Structure formats: structure tokens, C-alpha cells
Amino acid sequence: MIDPGSTPMIVVALLGTVGVALPLISVARGERGSNSFYAAISLGALAAAIGYVGYQAAAGNVAPGALLSADVVSDDAFGGFFAIAMLAVAIMTTAGSINYMRRMQHHAVYYSLILLSAIGMVLVAYSTDLVMLFVAWELMSIPTYVLAGFHKRNPSSNEAAIKYFLFGALASAVIIYGISIAYGLTGSTNIAEVVRGFAALDPSMVPLALLAAGLFIAGFGFKMGLVPFHMWLPDAYEGSPPPVAALLAAGTKKAGFAAALRVVVMGAVALNLDWTLALGIIAVMTMTVGNVAAIMQRNLARMLAYSSIGHAGYILIGLAVAPFSATGSTGAMFHVLNHAVMKGAAFIAVAGIVTTLAVTHLDKLKGLGRRMPITALGLTVSLLALAGVPPLNGFWSKLVLFGSAIDAGSASAAASWAPWLAVAGVLNSALSLAYYGWIIRKMYFEGEEEKRVRSEPRSVVAVMVFSMLFMVGFGVYPDPIIQFAEFAAPAFSAGAGIVP
Amino acid sequence: MADAAFVALSVLTVGSAIAALELRSMIYGSIALMGTLGGIAGFFFLLDSPFVALFQIAVYVGSIAVLILFTVMLVRRELIFKKVEDPRRRLAGIGLMLVFMVAVGAVVLDSGIKQVSAGGPPVEFTEIGEDFLTYYWPALVLMALVLAASVTGALVLARREEPDGAAAAAEIPAAAGEGPGAGEAGAEGVEHGQRAG
């Protein structure tokens, strides 16, 4: 039985209390509370949660990345790393929403749903039991279905919400089908027990275990936006309110990777390693489809949505080579954190542009560098970081990821295909620079007569400043994050002692 | 005996699931859904889990399906759905389902599961409660939060907006969506306003 004083449970208690209390406070005050009041409460709770998780990790009170435990959640650095990334995204989303939400209704519920979804994301990363994982997955998803449709009178927001909801429900059904097969084969829902059961499986039952692992990858793949499960994603990200798109692209999507990392252990170690090639192929398809489709977009939100599909492909490289190279999972986690901040910043910049100028079409971004200098600068830095231009943080995580693919190729004959993943990744990064550069050109080199707007949304400016500091700071000096990622990354090369 | 019951339940479950999707009347559709949920309860009986079976009947057939039925009767149907039929999409859906079912069926038939052993001891349902409060307790807490999130979310989505709020809300979506038509015009309007300012 898990200790109620462990880090994940404290986070649940803190954020859960505030998340449930916000709508009640709103009702008690006759729904007259101001937008910034609720945002401040929710930011305070998130800051306390991230502070506590960070303190526990810094004070050395958590176990190194373990992946498996005898309980439903494990208080380890793996969960802590993802928790910090998710909570940072939730803070950026909440702060970036303040100006955007001013003209909307139901502020308390909006911030409360972000908090509840953040609990779900954090707990997905901490879970070591399939039932717990599923419940956390639902807690992460259900509030975002509502958030995607928060503009009730906007048809494209409705379309986004219904598409996202239907595909999300299908993904949940696929995941629970996988859980039922894993439980049927091993008699347990604990991931450690399932791994042990899979390793000792009768050979005639192995196809069923592979089916379960495949269903897990498909189910998580819907949220991660892997090709061929990506078709809902651009519509959902484009139609949702832009701050919510930041939460979806930078938060829930990354929780999918946390879940997949736990399941990859189950599949790759307990069964044989052949199917990691399948992951590699999906990685190449995902990054290519995402980047090629992004070039053809004329809408900034949609372009960012496709670019986040491309980034899912890069992260998947780490998962595919993780059984062969020790740095595979480190690189994946490093890029998850970086991408969370980069993409979060980019979508919050879109939110700022929509709030102030009400445009997202690329042709209307002309002269944005003069009209909204800070937002445009933040967007530029995040786009360059997404492309992997040194010395920004995106460069280092791509370096670790592609390096791990090359390592894996030389370390194991079974992974002789792995260096091609690095080649595909580098080519795709070059391709992505084309459309990122195009946005930057529109913003700075066109539209000379534009004048600066009277005031940029302050909350968006705050998020931009924070994320620029993060991207440039950890670009110049990435060591702390790399060390944390190494500490938090689970070692699951064949002899790592996962299988007893 | 068990085989005959299994086949009968399967026909009931799958048949009424298809009916629930295909019937044009939403009332009959939701009644067919009750048939599906009841059939699943029958499977739980066959699997020696009367406790789960009764829960399935009480929760799904008894309350959820009835709730859906009430909703359908209370809301005018044409307000919920506009019928858009696309025969190709329908065929693609059926094709995808067949491919998935054949693939999964082939994997199951190919595996070591060849027979079902009947007559095992019934599941002790007190253990379910015990597990929930010991091993699974964090999941129970999260389920409470899931319900809280669902209820607040559903209330916000279902709530009628006040006229002044509606005017404010209609302003941003037109801009944010940037769809064809009205959205574009709204975006233009705001942009010009900004420039003038």
C-alpha cells in the first residue's frame, strides 16, 4: 500500500483540493469572482506542487528512475521528471490564459479543469499499475475534452472537441482492451507482475502478449500523435482555444510518452526485441508526415500542430533504441521536457496574438516583430529551438537523441538500422527549418508600415520571458537537465535486472 | 450448455450493438443499447462473477441506459444531430472493423488458448472491496476526481449562456477560429480596429 505522504499523493491532495474548491468558491461568491483571482489561486497551487516535487528530487528523497514497483504508484525520479515538465506546462497554460480568458465566462471551471488535467498527467507518469495508469489517463483526458470545446458558440471549437473526444474515447477503449489481455495472461494489473508474467509466458501465448503491447502503443499513440493515429490532431489543436492547444500539445501528448516508456519495458524486455524496428519505422513515418504536412499549412496553429507530430517522431527514436542504448531513454525524456517548454511557449504566443490581433493566418502575421515585439521574439526563439538551432535547448536534446540512435547501431547488431533514424531525424530538422524560417521572415522582414500595438498581453509576456530564459539558459548550459534526465531515465538494456 | 448460452449471449450483445448504431430512432437505439449492456452482464454470469454481473445490470442497464433514454426524450432530436450520410465512410468503417476483428481473431486462435475450463471457484467479492481500499486506494481517489471533473465540465458545456456573455463569447471565436466566412470577417474587423487604435 502506497504511503499517503509520498510525493505523488501530496500533489494529488494539493491540486485536487484546489481544483475541486475553485468551482465551489465561484458558486459561493455568486459567480462574480474575477478572472485573475481564480488564476492566481490556481497558479499558487501549481507553483507549490512543482516546488514540492522539485524539492523532493533535489533533496534526494526519491529513488532513481525505476519504472517498476510493487505499488500502484512509484515515488521515483522518472515520475518526478515528467511531473516537473507537466506542471511547468500547466503553469504556462494557466498564466498564458489570463488575458485570453478575460472576455470569456466560467473562469473558475476553466482553471479548475486545467488543474485536474494536470493531476492526471502527473499521475500517468507516476503510475506503475495498469488500472492506476488508466484512471490517471482518463483524469488527464476528460477535462481536456471540455476545454477543447470551451468556446461553445464557435463551430470550429465544437468540431475540435467532438473529434478529440471521439478519438480519445476510441484510444481509451483500445488501451483498456490491451489491459484486459495483459491481465488475462498474467493475472495481475501491476506492471512489474505483468513484466514477470510476460517473461515466463508459454511460447504459444506470446502472440497474445504482443497483441496487448501493440494495443498499448496504438492507444497511447493516439494521444502522442503518431502516424497513422494522428488525423484528429491538427483539427483539434487548431479549433481549441490556443492556451488549451498548448496544454494538449505540450502536456497530454507528453504524458503519452511517459506511459509508453513504462510499456516499452514490458514489451521490449519481457518479449523479444524485434518489434522495436516497428517503432523505428513509425518514428520515421511520424516525423516525415508531420514536417512535410507542416510546410503546406497557412495557419500558424495548424502548422504548430503538424510540427508537434514531427516532434513526436523524434522522441519516438529514443523509445525505439532504448533497449540497445543507455542514452535512448535519457534523450527521449530530455526532449520531452524541452519540447514541452518550446511548444508551450509557441502556442501561448499564438494565444497572445489571437487575443490582441485576432489572427492566426500566416499572411496576417506580417510585421509582427514591430507590432508585438516581445511575443514575436518569444515565438522566434521557440521556433528556432524547435528546429534545433544551437545554442538553444532543442539542439542538445536532438543531439542526445540522434547520438543514441548512432550508439545503438554500433552497440548491437540487432539494431543495425538505428543510425538511419538519426539520418532521418537530421534531414527532417533541416526541412522543419524551412517553415519555421518562413514564419520568422513574415514577422520581421515584411510589412514595414506596421506600428506597435498599445500593450501586449502581460501574462503572455511573462510566459515568453520565462520560456526564453529557459530555452537560452539551458541551451548555453544544459548540464543540470541532462544529469537529472540521466538520473531519472530508466535503464532497460537487457541486463538491467528488470526481469528477475 | 455453457456453449449454447455463450452463443446466444454473443448474438444478443453484438446484434443489439449493431442495432443501437443503425436504428434511426434514438429511442429504439438506446433500448438496443440496453440489450448490449445486458448481454455483457450475462457474460459475467457465465464467468462465475455474479457480483460484477449484478453491478453491470444495476449501473449500466439500470441507470446509465435509462439516463440516456431520459435525455433522448427530453431533448428535441433535431437539435442534437444533423444527419450526414456518407456511404463510403460507412463502408470504410465496416471494412476497418472486419480487418481488426479478423486480425485479433487470428491471433487468439493461433495462440495456446484452445479450451475454457469451467467450474472454477466463484470470485470472492469481498476481496474486490478490500483491494479497492488497500492496494488500489490512490486509483479510488483519482476516480472521485474524474467524476468531479466530468460533472463540472458537463455543467459548463450544457449550461445556457447569458445574453451579455454570449455577445462577448461570440466575438473571440470568430477571431480565433479564423474559418471561412464569418470568422474571417470578424478577424478583419478586429484587426482594422487595432490598426486604427
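This passage walks through the fold of chain A, its packing, a few unusual spots in the backbone, and the contact with chain B. The model is predicted, so every value here is computed from predicted coordinates.

Chain A is a helix-only affair as far as regular elements go, with 19 helices and zero strands. Its radius of gyration comes out at 21 Å, close to the 23 Å that the globule rule gives for 500 residues, so chain A is as compact as a globular protein of that length. Lined up along the principal axes, the C-alpha atoms of chain A fit a box of roughly 70 × 55 × 45 Å. Of the 500 residues in chain A, 66% are buried. Sequence distance is no bar to contact, either: taking the contacts in chain A between residues at least 6 apart in sequence, 79% join residues at least 24 apart.

One residue gives a feel for this packing. Phe78(A) sits in helix α3 of chain A, which covers residues 77–101. Phe78(A) has 27 other C-beta atoms within 10 Å, and because 20 or more are enough, it counts as buried. Ala322(A) is 244 residues away from Phe78(A) along the chain, yet their C-alpha atoms are separated by 15 Å.

Next comes the nonpolar packing. In soluble globular proteins, nonpolar side chains tend to be buried together. Here, the largest nonpolar core holds 208 residues, and the members that touch the most others are Met86(A), Leu87(A), Ala118(A), Ile119(A), Val122(A), Val124(A) and Leu139(A). Leaving aside residues up to four places away in sequence, Val124(A) touches Leu133(A), Ala136(A), Trp137(A), Met140(A), Ala255(A), Ala258(A) and Ala259(A). There is also a second, separate core of six residues, with Ala32(B), Leu33(B), Ala41(B) and Ala65(B) among them.

Now for the backbone oddities. Most residues other than glycine have a negative phi, and most peptide bonds are trans. Two bonds in chain A go the other way. The peptide bond from Val227(A) to Pro228(A) is cis, with omega near 10°, and Pro228(A) is found in the loop between α8 (206–224) and α9 (233–239) of chain A. Pro390(A) and Pro391(A) are likewise joined by a cis peptide bond, with omega about 0°; Pro391(A) belongs to the loop between α15 (373–387) and α16 (393–411) of chain A.

Positive phi values turn up too. Ala358(A) is not a glycine, but its phi is positive, at about 60°. Ala358(A) occupies the loop between α13 (327–357) and α14 (368–371) of chain A, and it is buried, with 23 other C-beta atoms within 10 Å. Over in chain B, Asp48(B) also has a positive phi of about 60° without being a glycine. This residue, Asp48(B), lies in the loop between α2 (26–46) and α3 (50–74) of chain B. With 15 C-beta neighbours inside 10 Å, Asp48(B) counts as partly exposed.

Finally, the two chains meet. Their contact draws on 54 residues from chain A and 42 residues from chain B. On the chain B side, α5 (87–110), α7 (137–158), α8 (163–177) and α9 (182–196) each supply at least two residues. The most comes from α7(B), which gives 14 residues to the side of chain B that touches chain A. Sorted by class, that side of chain B has 26 nonpolar, 11 polar and five charged residues.

Terms used:
Residues are numbered from 1 along each chain as its sequence is written. Chains are lettered from A and ligands numbered from 1 in the order in which they are written. This is a predicted model: local features need pLDDT of at least 70, side-chain atom pairs count only at pLDDT 80 or more; totals for chains, interfaces and linings use all residues. Helices (H or I, at least four residues) and strands (E, at least two) are DSSP runs, numbered from the N terminus. A residue is buried if 20 or more other C-beta atoms lie within 10 Å of its own, exposed if 12 or fewer, and partly exposed in between; C-beta atoms are placed from the backbone. A nonpolar core is a set of buried Ala, Val, Leu, Ile, Met, Phe, Trp, Tyr and Cys residues joined through C-beta atoms within 7 Å. Two residues are in contact if their C-beta atoms, placed from the backbone, lie within 7 Å. Ala, Val, Leu, Ile, Met, Phe, Trp, Tyr, Cys and Pro count as nonpolar, Asp, Glu, Lys and Arg as charged, and the others, Gly among them, as polar. The radius of gyration is taken over C-alpha atoms; the globule rule is 2.2 Å times the number of residues to the power 0.38.
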